[in-house]
Amino acid sequence: MDKSSTQRLPPLKRTWWLKHGFFKLYMLREATVLPLLFFTFCLLAGMFALLQGAESWQGWIAFMGSPIVLVLNLLALAASLFHAATFFVLFPRVMPLRIAGHSLPDQVIVAGQWAGVVAVALLFFWLLGRA
Amino acid sequence: MSTEQITAKRVSTNNIGTNNISTKNISTKHISVKRYLPDNSTESYWQAYDLPVDDSTSLLDALNHIKEQLDSTLSYRWSCRMAICGSCGVMVNGIPKLGCKTFLRDYEGDIRIEPLAHFPVQRDLVVDMEIFLEHLAAVKPYLIDDNPVKAFDPQAPETYRQTPEQLERYKQFANCINCGLCYSACPQFGLNPEFLGPAAITLAHRYNLDSRDHGKKQRMAELNRHEGVWSCTFVGFCSKVCPKHVDPAAAVNQGKVEAAKHTLIALFKG
Amino acid sequence: MQQRDFDIVIVGGGGAGLRAAIGAAEHAKEHKTPQRIALLSKVYPMRSHTVAAEGGAAAVTSPEDSHQAHFDDTVSGGDWLVEQGVADYFVHHAYQELVQMERWGCPWSRKDDGQVQVRRFGGMKTARTWFAADKTGFHMLHTLFQTSLKYPEIERFDEYFVLDLAVHEGAVIGVIAHQIATGELTLLRAKAVVLATGGAGRLFRFNTNAGIVTGDGMAMAYRHGVALRDMEFVQYHPTGLPGSGILITEACRGEGGILLNKDGYRYLQDYGLGPETPLGKPENKYMELGPRDKLSQAFWQEQQAGRTGKFGDSDVVYLDLRHLGEKTILERLPFICELAKAYINVDPVKEPIPIRPAVHYTMGGIETDPKCETSIAGLYAAGECASVGLHGANRLGSNSLTELLVFGRLAGEQASQRAAKTEWADERLLEAQGDRQQAKLLRLCDGTEGAENWVALKHAMVQAMEDGCGIYRTEEGMRHSLDTMRQLRERFNKVRVNDTSKIFNTELLECLELECGLDIAEASCLGALERRESRGAHQRLDEGMQKRDDVNYLKHSQVFYQGDAHAELRWQDVDVRFSAPAERAYGDAGKGSKA
């Protein structure tokens, strides 16, 4: 008698991720791609509008200023930061860095990545100021 | 803390073997177990038990009590009682845990016990671990030292040298007790049982990181494919449930870095 | 009934069984005789109880050490009941086995220069115990299991419970196994069989052992007429957690841990293990590094004198590690920290750990000759289930893990050698034995009225063994235990299971294990009663029997199964060819002695 003939294996339900807070957070992390996608479309639309001429460009500016689009892009910023936060915490586990035979503590690597974010932000604001 | 203070400690004991539960702090807990008796029926069903517990009662103690005093037909695996053999994995309120290291004092209300998720159920809380064993074997989980500088000679035996730092690099990943909780935690394995899974990939990685091993290339084909490391989306729940803090998610994703490096190098080599 | 043919069948997938399988495979390869090896275990191999061993494996390693010293420590540790030819072989083959493990990838703990580290252990003159943090057995078992996957000639039968040996005309011809997942029987024909089924600690109420350590293989060999040797010698490990009996490794004491009674006093100095060694500077064979039997006996004495503390319902003493410092404790003894915190809510960094002696190891077992062969041709035994004669009346810590390798390999090689020049027996002989086992299982499941309850019998057994065969024994106590075992064995005939299903019926397994236990418990009680002296782990309070009696009892006990009749006991001389029995001394009293 083959033991597998009497086994039962319920298939994974589509709602598997609703079972636990950990999974919901994971799905949220994965879902951050959606607002970011929206933001990317906005940028592409902007580039296209620029090529089309001044009138299109004004249209795009108005579009970007409309309340819904503003809210969605703020959401995209929040999503981006959330994604960064989760990614930065995972990164030391994926690429543990070693200096002189000792592994760098995780908090150092996380802090380093946030330092990079701050540097990028500072660069942006400096460039913006000069414009 | 003086010995007097220790003797004053209130934690009561629960003697295995006689189920002689101490008279301190006894309460009743309600446990529901998912039963499946293939000899009788193709359907599973819930069965409830009420039993006396104290501060130190583990889920395993409770199952043993049920088996001996209430219902001898309940089947489950167990052995060491000290979270080192990996036998007693079950779902406790939907979370994979070891029965011997789950304490009922931490639970209120109905405690739902089910067999480990994502594995075929053989009976009651017993699942078929064959796929797990197959995945483990598939990654060549043994030291591959091909043409070592010194072949092992029983007349003049010599060990490899390995410094504590070198040992540190893989030690954590060598602590896996093969309990399978990570597979129950992993939705990718739940979706596709052909995925090698956390423990198998961690074991491969343990050997890849061992300074005495030279088998990384031989393991690469198995790891560097869709059902190898690339099915993992770093949900990370495997590491959360691992009772030995092995951090399989780290191992799998470090494995991705190695696999990517391998592919790139192969590309350039042409 | 399915039938399969193999050259070699190995029963038991722990350290000894796996090493035997690999040893047989290597031997066959070397001699260019392809052989098929079956490895059967009632649990997946990585669940075997080897996994719980913590402390380490001994072998002569440092230049200051010598085979003579390891030999002397082992022989005196065993209170001169050790087969000295066997001990000699053992100490000379230990090092190469541990090196082989390292070559197979075992993560031994290291010194800064990359060489393997050794630690002190109880009863050993020099530090010679190799270790892998405080999970040596775990790492060894996983290394062996993973290495065994390299050999396609080893076919595993996981979760197969071997019901019986098939024996014909004084030779073993195969085994009859029950596939737990389906309830079906499988007959395995073999030219050689190795038993590596582990000890019998679960016979006692309070023990460090896993649920599976029920003496199945011992019972199987015993029922076929093989002697169980030295079964009265049961080791009480001095440091088990109160309540569960979970093992707290001797390595704690090897690292410098101390034992205190309820007054905070290091009481071992009053029991021939003194004088007190300075805190954090343990000295081999002094105080907490004395042998296990003496430490457990000291506990009992303190308990009698009312100087033990209490933890819940248990009398305890205290293992203090605080002076070692957090860094050392977390580095060398991380598993212990985890265990103490999880199971009794004590942090060893901050408080002493309450502990008490628990049954841990069975020195006795299936009698084998120095090459692991039993009195049945082609039947070998290795590991805790066997009595090859290495441990005598008391085992030294860290000798057992090495024993698995040295004698596991030897048994495997011997089996391979025999299989190369033996033919299979007639299949019908196996079928007949298979039918008998099938009938027995059906009987257990036939739901007869007025059945006995196996749970009650099990509880009665373990209580009686604890009462009569404890750390100190009396004539009256042992006689009572012996009578109880015989009664329980009789009552077992009326046991019926409630669960008559076929698929993964664990109630049936518990009954079969209980039956095995009741058979061999009689041997243990009989040997204890008839040994009218005190030696090693067998200590009697009876008048005139409190000391070692080399005149009358420098002998092994052999117990022979007689079916329903009382078991028969005989005495066997001990091989003392190298070292004549001397005073077994530790602490200052042991200074200058050979051992």
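Good morning. I begin with a small sheet in chain C, where three strands form an open antiparallel sheet in the order 4-6-5. Strand 4 (57-58) and strand 5 (118-119) of chain C stand at the edges with a single partner strand each, so one side of each is left without a neighbour in the sheet. Strand 5 of chain C pairs with strand 6 (residues 129-130) of chain C in the antiparallel sense, over two bridges. Within that pairing, C:Trp130 in strand 6 is the bridge partner of C:Val118.

I should say at once that this is a predicted model. The predictor assigns the complex an ipTM of 0.94 and a pTM of 0.94. For chain C the average pLDDT is 95, and 99% of the residues score at least 70.

Let me stay with chain C and turn to strand 3. Is strand 3 (residues 37-41) of chain C mostly covered or mostly uncovered? It is mostly covered, as five of its five residues are buried. C:Ile37, C:Leu39 and C:Ser41 point one way from the strand, while C:Ala38 and C:Leu40 point the other way, and all are buried. As a general matter, the side chains of a regular strand alternate between the two faces of the sheet.

Strand 3 of chain C has pairings with two strands that I would like to describe. With strand 2 (residues 8-11) of chain C, the pairing is parallel and runs over four bridges. There, C:Ile8 stands opposite C:Ile37 of strand 3. With strand 7 (residues 154-158) of chain C, the pairing is again parallel, and it runs over five bridges. In this case C:Leu40 stands opposite C:Phe157 of strand 7. A helix also enters the picture: strand 2, helix 1 (residues 15-30) and strand 3 of chain C make a right-handed β-α-β unit.

Next, a helix of chain C. How many of the eight residues of helix 5 (residues 216-223) of chain C are buried? The number is seven, and the helix is mostly covered. Among the buried residues are C:Asp216, C:Met218, C:Met220 and C:Tyr222. After helix 5 of chain C comes C:Gly225, with a positive phi near 95 degrees.

Further along chain C, I draw your attention to C:Asp315, which lies in strand 16 (residues 314-320). C:Asp315 counts as partly exposed because it has 18 C-beta neighbours inside 10 Å. Leaving aside residues up to four places away in sequence, C:Asp315 touches C:Gln303, C:Thr308, C:Lys310 and C:Arg356. C:Phe299 is 16 residues from C:Asp315 in sequence, and the two are 9.5 Å apart in space, C-alpha to C-alpha.

I come now to some backbone details. Most residues other than glycine have a negative phi, and most peptide bonds are trans. Where is a cis peptide bond found in chain C? One joins C:Gly274 and C:Pro275, with omega about 5 degrees. C:Pro275 is in the loop between strand 14 (258-260) and helix 7 (292-304) of chain C.

Chain B offers two residues with positive phi. For B:Asn93, phi is near 50 degrees, and this residue is found in the loop between strand 5 (89-92) and strand 6 (95-98) of chain B. For B:Asp247, phi is near 60 degrees, and this residue lies in the loop between helix 9 (237-241) and helix 10 (248-269) of chain B. Their surroundings can be stated as well. B:Asn93 is partly exposed, with 15 other C-beta atoms within 10 Å, whereas B:Asp247 is buried, with 21.

How do chains B and C meet? In the model, 56 residues of chain B are in contact with 66 residues of chain C. On the side of chain B that touches chain C, helix 1 (3-7), strand 1 (14-15), strand 8 (121-123) and helix 4 (164-171) each supply at least two residues. The residues of that side of chain B divide into 24 nonpolar, 21 polar and eleven charged.

Finally, chain A. Its secondary structure comes to five helices and two strands, and along the sequence the pattern reads α-α-α-α-β-β-α. The radius of gyration of chain A is 23 Å, whereas a compact globule of 131 residues would have one near 14 Å. Along the principal axes, the C-alpha atoms of chain A fill a box of roughly 80 × 45 × 25 Å. Buried residues make up 5% of the 131 residues in chain A. Of the contacts in chain A with a separation of 6 or more, 43% are between residues 24 or more positions apart.

Thank you for your attention.

Note on methods: Residues are numbered from 1 along each chain as its sequence is written. Chains are lettered from A and ligands numbered from 1 in the order in which they are written. Two residues are in contact if their C-beta atoms, placed from the backbone, lie within 7 Å. Ala, Val, Leu, Ile, Met, Phe, Trp, Tyr, Cys and Pro count as nonpolar, Asp, Glu, Lys and Arg as charged, and the others, Gly among them, as polar. The radius of gyration is taken over C-alpha atoms; the globule rule is 2.2 Å times the number of residues to the power 0.38. A residue is buried if 20 or more other C-beta atoms lie within 10 Å of its own, exposed if 12 or fewer, and partly exposed in between; C-beta atoms are placed from the backbone. Two strands pair if DSSP finds at least two bridges between them. pLDDT is the predictor's confidence in each residue, from 0 to 100. A crossover is right-handed if, with the strands pointing away from the viewer, the path from the first strand over the helix to the second runs clockwise.
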